[in-house]
Structures are given as C-alpha cells and as structure tokens.
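Here are two short exercises to work through with the model open beside you. Try each task before reading its solution.

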Amino acid sequence: MNQFQYVRVTTPKAAVAAVTKENNSLFLAGGTNLIDLMKRNVMSPEKLVDINKLPLNTIEKTATGLRIGALAKNTAVAEHELVRKSFPLLSMALNAGASPQLRNMATVGGNMMQRTRCGYFYDTAMPCNKREPGSGCGAIGGYNRMHAIFGTESSDRSSKCIAVHPSDMCIALVALDATVLVSGSKGERRIPFIDFHRLPGDAPEKDNTLQKGELIMAVDLPNNPFADHSHYLKVRDRASYAFALVSVGAALNLKGNTIQEARLAMGGVSHKPWRLTEVEQFLRGKPATEATFRQAADVAMKGAKGYGENDFKLTMAPNTLIDALKTAAKNA
Amino acid sequence: MPDPKLMKNDEKSPAINRVDGRLKVTGGAKYFAEFEIPGTTYCVLVTSTIARGSIASMETKKAEGAPGVLAVFTNLNLPKIPGLNTPEGNNAKKPSGGETYQMLTDKKILFAGQPIAMVIADTLERAQYAATLVKTTYSKQPHQTDLEKHKAKGVMPQGERNADYKRGNPDTYKTAPVVLEASYTLPIEVHNPMELHGILVNWTADDQVMIYAKTQGVQMTQKAVAKAFKLDEKNVHVHTEFMGGGFGMGLKTWPQEIAVVAAAKKLRKPVKLVVSRDQMFTMVGHRPYTTQTISMGADKAGKLVGIVHEATAETASYEDFTESTVGMTKFIYDCPNVSTTYRIVPLDRGVPIWMRGPGEATGAFALESAMDEMAAKLNLDPIEFRLRNYAETDPEKNRPFSSKHLKEAYQLGADKIGWSKRKNEPGALRDGEWLIGYGMSSGTFNASRGQASAKVILNQDGSLVIQSAVTDIGPGTGTAMVSIAHDVLGIPVGRIKFEMGDTTLPKAPTQGGSTITSTVGSAVYDTCTALKTSLAALAIAQGNSPFMGSKAEDLVFEDGMIQLKGDRKKKLPVGDVLKANNLPTLDRALDSKGGPEQETYSMYSFSVHFAEVRVNPVTGVVRVSNAVSVADSGRIVSPKTAASQMIGGVTGGIGMALTEEAVLDHRFGRLVNNNLADYHVPVSADVPHIDTIFIDKPDPYINPMGAKGMGEIALIGFAAAVANAVYNATGQRIRDLPITPDKVIKRVA
C-alpha cells in the first residue's frame, strides 16, 4: 500500500471540491473494494476523501418512486420495507451479493463504483489494459472463465478488455430504469442508470461516465408494476459469497397470462450491467409461456461471443434467462 | 491391548465439551501473532513475479531510506546461516525431506511467489509501504508449470513406499469380461486455514532464541532452528499453544521462518512475520495437481479381476514431494491382480505439502469413482459391488487387519441416508427442476502409534495437570487427553488441565497423519496409570487408611475420590493422599510407544461417506443436500470433538468435490485466483446437515484406548461420494474436480 492523505468531509460540496482539485484523489465510502485494491497496489490514490459523514444515507418515498441515498448500506436497502414490497428485485439482487459482513459495510454508491474482479486486474505482475492501458489483456488466451460474452468489441486490439462488472445490485437497478443523481463542480446532473457504466471500447480503464470529482448523491427508482413478478437468479460456484457466473434480473407485468411489459438485465456477462431492451420489446404482448421465453433467450443471445473458458456461458446465460422468467411469471 | 474398563462413554463419563472452546470463542486463546514483545519489528516479504530465471538487479535504496525501515535483506546481505551452508544442512535427503531451497542465498528464481527480499520496519504499515519500493529486474528463463504438458517427465521417486507395486499379473484386467479405463484429475488445492502463516522471533541472548510460530510441531521447529543456527536444542524455545487451522501447511519449517530468525539475530530485535493471503498460496505448500488413470477388470458376477492405478503428480524443481496417492488401491479390495505406479514431475513451482487426507484423498477420488463406474457397468448396487470384493484380510501384506468394521459402516450409513430411495438407473429421481442422486464411497488411512512422552502432576487440592509438547491444529487434542486422564483417574474433567504446545514440555510428535490421539493419548494413559498405581500404594499404606489391607485392584477411582470396591463408603479424596503423605504434589513422567503388534497386524482406520446431491440441469449447479459419514476409527475417545472433526472433514470434502481449485496461468506461471473471494472454500450455505456415525469399537491391538485415527478418513473418499451422486442424478461422469456448474452444464444442459 502506498502512503496517502486522508481527509474527512461533512458536506457534498467539500467532498466534490476535495476530489476535483487533486489529481489522484478518490472518495472513500464503505471501502470494501477500494481498500483491497490499495493493499494489492492496484490502486494507489494520493488522497482519500472520506464521505461517510455526509447525510446521504436516507431511503425515502418520492412523488414518482423511491430515492436511495448513495451512502445507504446495502443491508439497509435490502431490508427496507418499501424496497422489499415495491422493488423486490433490488432486495433479491442485493442479498445475492457478497456476504452479510460486506453488505453491512458496502454502500449503494460504492457498489456501483466497484471495480472488476478479473484476476489479471488484481495482479500487478500480469498484463491488464484496465489497470495499465496498453499492457494487454491477460484474460484473452488465459483464465477467462468468469469473463464477458457481450460488448467486448473494440477497434484496437491492444486496448481490449473482457472483464465483467461484478455487481448484483446494479443488475436490478439497470433493469428497473433507475436514474443516478450526481453532483460535481458544475452542479448536479442526472444520468440514466443504463448510461452510468460503459463498455470497454478503447478505454477499458474507464468503468463509468462520471466526470472528475463528481459524487454520486442518490439513486432514483420510478414506481413500477413489477412487484408481483420479479426474480433475481444468480448462478455461482458456491452457494454464497461468490461472484456470478451468470445472473438474471427479471421483472414482468402480467395481465392474465399476457406480458404487458418486461424488464430484463444480465450480470456476469459484460463490462456493464447488461440490459436486454430488445428482449423486453420482444416479450411485450406475448403469452408468458416457456416457448416465449425460449424465443426471448434467442433474442438475448444475439451477438454473444465466448473466449474459450467462458463458452459455457453461451448455454448458461439463455438457460438462466428462461429459468428466471419462468420463476418471475409464477411469483405473486 | 485396550483397557476394557476404559472409555465406556456411559453416564459416568458423558461426552465432554471442548476444553479450550470458551477460550477460542472469547479471544482468550493466544495465537502466535498475538504475543507482544516490546520493540517488535515487522517483516514484509517481496516475492518474485517470474517463475524461473534469476535476479538481474535489485534496487533497495529507496526502501532502505523509507521511514521506519531498519533493514532490507536480499540474497546479497542476508547473514550466513551457519548450519545451512554445510552439506547436511543444505542438501536434505530426498524425497520429502527438509527444504532444499533456502531463502535469499542466491539469485536463482525457482517459482513465482518466491521470497526475494525481506523488508523490516518499526511498524507493519511502514514495512508494507517500503516493500513496494523494492524494484527488481530479472533474467527470465522459460518455465514449466503445466503438469499435463510435462507428464512424460515423470520420475519414480526414491523410497520403498513410492516404488512400483505389483501382485499377480497386472495385465489380466484387459481380458476380463467387463473392463473400465478412466482418467481423473485433481487440481491444485490450497490449505487456506483462517490464520495466516508466520513467525515471531526474539533472541534473548547470543545463543538463545524464543519463537512463537505457526507450526504443527514445536519440536520440529526447534530442531530445524537449532540445526540452522548451530544451537543447543534447549536454547531454542518454541511455543504454539493454539493454531487457527493447519491442514498440513505447518508440517515443516519453511525457508522464510529460518530467514526471519536470521534477520532477528542480525538486527538484535524481535521480528514478526505474518504473510499475506496471496502469499499463503505460494509459500506454504499446496495439494499437488495430480492426474490418475484407473484400469479395472471384473467378471460378470462382480468379482474384481485386476486393477491398475497410475498416478502422476507435480513436485518442485528443487525438492521431491511425495504422498501415498496409490496406497489404498493395494489393500482395500480383495483382488488378485493389482499394480500401482506413482510418478512425480518437477515443475517451476513451490513445493507441495501434505493437505488433509493427503495423497490418500486424491487416490480415493479416482479409485472410488472407478468402483462406482464399474458397479454401473455391472448393473450392481455400488455397496453390493464393494461387498463382493470385501477384503477380510490385508491382501497387500498378507496379514490380518487389527480391526475392520467396514461392512457394518456400509450398513449404518446406508440406513441413515436412506439408500433404499436410490435407483441404480441414473436420472430417475427428481424434485421439480432438480435431479436428485445418491453416491457413496469408502476411505481408509494408516492407523499407527508412535512415540511420545507425557507428564502428569497431581496437586493436594485434587487437581491434575497433564503436560505434552504436542500442538493442537484444531481437532481438540486437549479435550481428548483430558478425557483419557479422566477415565483413568476418575478426576472430574473440570479439575484437569492439559498444558501443551511448548518445547519445555515432554516430547511429542508433530501433529499430522491422524496419529496424535493414539500416540500422545497412549503416553497420557500410561502416565496416568503409573500415577494411579503410586496413589493406590500410598493410599493403602498411609496411617489410618480406610483401605488398610486392601489390594490396589480393589480400589476404584471416581469423582476425584478413591473408593473401596464393595464398600463405597470407604473413600478418600485423591488430594488427601498427598496431604497424608506430606507430598505437595505427586507426578509421573513416562515415555511410551507401540510394540511388535504393529508388525503383526495391518492397522487402518476406515470410513464410508454417503452424499445426496441435487443437480440443476438448467444452471449446472450442484448442491450437497445431505451427507452421512461413518467412521471405523476404533474407540472414540472424545465424541463431541470427534464429531466436529468429522464435520470439518466432510466440509473439506465438499470443497474438494465442488469448489476448490487454484488456477495457474501457465503463460506466466502465476496463480490467478489467490484470494478467498476467488478460491472457493465451502461457505456455510454449501454445507448441509452432516450426520456422523461412529462404529466405536475398540481396536484390540493398537493402544490402550483402542483408538485409531480420525482426522484424515473424515475427508478421504468424500469427493468420490459426491461425484458418484452426481452421476446417479444425471448419468454424467465428471472425472475432473471440482464439479463446477460450467462442467455440469456442458454435459447435461
């Protein structure tokens, strides 16, 4: 670990100012990922701006839905009555992630900001375009069992990255049309969740679209008609405390057996939480049958590409999608 | 011969709780890194990023100048270790002898993760920071880390145990009516105890050193340090009372331990090393990657005709590591034609070390999977197939087993798991989407009795202290010893204290290989029996003795009292005997070891494991939903801790079967999942309720308690039971562990 300065701020304004003006400074919230990365010398910020004292941990009903403060702990969100009742997909996704100890520390904003768990990103003795642009991608031709099958295109091979975003929570948030409220030196702005994270393209070192110094303030969720038919299905190597091989967040609005509307996203398959809007459109107006879901899976898998060890995801992803949809259709 | 009066486990001696349980869960137990010595300095290791080659240059100036840094040691400036530069010190005997590579003695890089510098500072954080400032360049050479690619380089290791074995005509299997040939792979597994490895060293004089270590044998560490630094053994004091799990990684003194002792001597300050989790994957051994082929023939009636078992495992380029991977195949079944071969391939990797169950667990996975495959080919129930090939006597050594109750174990386990629900036809049971399957397997491990000493001290207040240098890596050694002393002397459990894990205490072997209850337990038994004899004599002879004229065998020791058989009102507290004889304490110390019975009988513990699994054919997920393990390990000395040990072994077996694998990227020779998030040990949610059943019949020959070993058989064979259950659920045979969802989905989806 490098030597660094540590400051604690009490207002969002001071936080933004502190990070904006210094080149290599970062916000510190729960620290469940950043501290690990610092210990392994993957990230070496010169200054940590501790934002835990900011008043950003409330979860409250709004005129259009729910607002979750960026510093709300994962556990608090997962267990919140409104979340469990009206946004069960989010609660399920949160509880599928990490361990209780980590969820007690991790914040909503921090969860969104967590870096990939790709082994090459973590080992400074091996190449990684995300950690060290231009050094190459260790996972291509190497251990890529956990890696992406969607959105890995890049124009320049030397900047390629096939890492995945590890969050479960973000799969639910992207499916449920969340919006991210951020604050920067130029004021506040709102980012649709689907645009918050980015594909690697030619700049895999950038995980998201935040500008320098911008602070996540809250996540807004619009009210939705999906509470009765939501399911988060995570396939992993052990029963708890493991990252997804593939996960699916599925939410349906059924009238009788007809799908009025669907929301779908996949985890463990891409550099960003993978929203399946085309599949959602396909499902609209169709009967909620296994046959429909199988066709939906075909739509979902268009453009998927394996890298050897992760080829199994080309089977696991559609299977998991079908299974999640079947369960969501049954739930009530 | 076991003492028939001993270990009745009746109401008079109910199962006792773990004697150090409270200390462990309240923070009262002190582990090596928790000892505080004023002026302690902190060591952080810098490791090699390449797998083979040499150090071209090393820049240490910045690190040396960093705040709080006392020294940076590399191969250029580590003080010479006097005992290591002698031929006997530096070239330990092969195979499986001491470490032949020594840290920081030359520029050579032998494996990725090899320590190449030690940074020592006044705080841990400063040492960690300074370690990042050490810059190294290398002259790389091509490395070999892939066993699959280099199998042809396998050599037969030295030693009788590792030699090719043959009885009858090994090729006979080829012409048998039913033939099976199958290959199995076990990946690298890493012990990963919760407690990290390390050492705390304090030189108290020029020729005296105090060491707190993470070792499975304090006297082993004592010997290694005494030899390396040419000290009298009595001047090397090693203490390891508590250990946060060992699983085999503490079975030798690692090079970094010796290097820290050298650094502490040079600096004249206490030095503490606690390695990081990623260093746990490269510096303290692992279960070696092993490939195996089993060729097997049987007749139509289900009688084995021949077995050929071939195993090839990795070792280091600088040292031979061997284990008994093919041992079980030689004697577990009655089969006229058997051959085994065992090869090791030197790779550019750190040397492996025994990991719980060790080679026997690796071998049992292959053999017991093959037995299941053959049973399927014969359309026989897997238990029935085993019974048709049951070895009543040891076919390898042509002598009787000291005890073997495997048939009873099959029956008890089958009844408990509900084996009758199992269909021999795979894929026949379902619960909704989930396929259900049942599998079983056997395990066995050598039971032995080594040599140990013990001392017991009785006080006037009736309390008893037992002393032994043995360490406890977790199974509950203290509890077992207290239980034995209680059974011999009738002193209440709460009045008995077991002192352990220190080189000032009587000699005991290193804890490993399922031998401690037998070996140290016998020493405790013998010593307590000697004390009892002395007490009886004193009690009868003393003035006003209520036992005047009685014989020693007429006395009963119970509830802290000596009582007269037949007239229990005549009694005396044991402590009062000391008072009456003006003895502040009464103590006895003895050396104890097994005798010729070990040559007359084959002594083994046996286990049978049953697993019920649920397999999701859509997602490929496998869950063990029920597990039953039956142990034939002689008399159970401490039922509660034995059950815990069994549960731990099964948990390790679940890991071996379903989740554990350290993955190498052979392009770099480096591990890519060297942390506890990506190397998956089972979590609670992976572990179902586990039923443990003990045959609990004393072995008539092994030792006075009739107790055989427990630790290894708890794990040996369990992975095969799971693989067999997965086959029963799906009809798919997965021969490469672990059985992860990707492997299942490729076959069943």
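**Exercise 1.** In which sense do β2(A) and strand β3 of chain A pair, and over how many bridges?

*Solution.* This is a predicted model, where local features need pLDDT of at least 70, side-chain atom pairs count only at pLDDT 80 or more, and totals for chains, interfaces and linings use all residues. Residues are numbered from 1 along each chain as its sequence is written, chains are lettered from A and ligands numbered from 1 in the order in which they are written, and side-chain values use heavy atoms, leaving out hydrogens and water.

- Step 1: Find β3(A) at residues 47-50; β2(A) pairs with this strand in the parallel sense over four bridges. Strands are DSSP runs of E, at least two residues, and helices runs of H or I, at least four, numbered from the N terminus; pairing takes at least two DSSP bridges.
- Step 2: Check one bridge: Leu28(A) has Asp50(A) as its partner in β3(A).
- Step 3: Place the pair in its open, parallel sheet of three strands, ordered β1-β3-β2 in chain A. The edge strands, each pairing on one side only, are β1 (5-8) and β2 (25-28) of chain A.

**Exercise 2.** Which residues of α9(B) meet α17(B)?

*Solution.*

- Step 1: Select Ala364(B), Phe365(B), Glu368(B), Ser369(B), Asp372(B) and Ala376(B) in α9(B). Contact means heavy atoms within 4.5 Å.
- Step 2: On α17(B), their counterparts are Ala719(B), Ala720(B), Ala723(B), Asn724(B) and Tyr727(B).
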